[in-house]
Amino acid sequence: MIRITLLVTGALLILVTPLVGILPGPGGIFTFAAGLVLVLQNSTWARGRFVRLKRRWPRFGHYADMALRRRSFRQRQKRDREAAEARAEAALLGFPQESR
C-alpha cells in the first residue's frame, strides 16, 4: 500500500510540474526531479522505460543519473576511473594497448 501511495505521489508531482514551473524560481525542476525519483523507485515498468531511454540517448542518461545521484552512476564512474588508471599505468610500463 505504501509503494502505491509513493508511486501516485510521484506521478502527481510530475503532473503538477507545469503549474509550479510558471511561478518564479526553479521550483518546477525540483518538483519534477522529486516526482521522477518516487516513480523510478516504486515502478518496475517506469524503471525499464528509463533504462531504454538512457540506452537510446546516453547523454541524457548521464545527466539524469548525475542529477538523481543514482548508485549505479557512482559505481560506473568509479569503474571507468579505475580502468583509465589501469590503462595509464600499463602505458607507463610499456605494455601494448589492447583493442576491444
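**A walk through a five-helix chain**

Let's start with Thr31, which is buried, its relative accessible area being just 13%; the cut-off for buried is under 20%. Keep in mind as you look around that this is a predicted model. You'll find Thr31 in helix H2, which covers residues 27-42. Setting aside neighbours within four places in sequence, Thr31 is in contact with Leu13, Thr17 and Val20.

Now hop over to helix H1, residues 2-22, where Leu15 sits. Is Leu15 buried or exposed? Leu15 has 62% relative accessibility, so it counts as exposed, the cut-off there being over 50%. Leu15 also helps make a nonpolar surface patch of about 410 Å², together with Ile4, Val8 and Leu12.

For something in between, try Arg47, which is partly exposed with a relative accessible area of 30%. Arg47 belongs to helix H3, running over residues 44-56. Not counting residues up to four places away in sequence, Arg47 touches Arg3, Leu40, Gln41 and Asn42.

Time to step back and take in the chain as a whole. There are five helices and zero strands, so to speak an α-α-α-α-α pattern when you read along the sequence. The chain's radius of gyration is 19 Å, whereas a compact globule of 100 residues would come out near 13 Å. Along the principal axes, the C-alpha trace spans about 60 × 35 × 20 Å.

How much of the chain counts as buried? That's 19% of its 100 residues. The accessible surface comes to about 8300 Å², with 64% of that belonging to carbon and sulfur atoms. And among contacts with a separation of 6 or more, 37% link residues 24 or more positions apart.

Note on methods. Residues numbered from 1 in each chain as written. Predicted model: local features only at pLDDT ≥ 70, side-chain atom pairs only at ≥ 80, totals over all residues. Heavy atoms only, no water. Patch = residues over 30% accessible without salt bridge, like charges linked within 9 Å, V, L, I, M, F, W, Y side chains within 5 Å. Areas by Shrake-Rupley, 256 points an atom, 1.4 Å probe, with all protein chains shown as cover. Salt bridge = Lys/Arg side-chain N within 4 Å of Asp/Glu carboxyl O. Helix = DSSP H or I, 4+ residues; strand = E, 2+ residues; numbered from the N terminus. Buried < 20%, exposed > 50% of the residue type's maximum accessible area, 1.4 Å probe, protein only. Contact = heavy atoms within 4.5 Å. Rg over C-alpha atoms; globule rule 2.2 N^0.38 Å.
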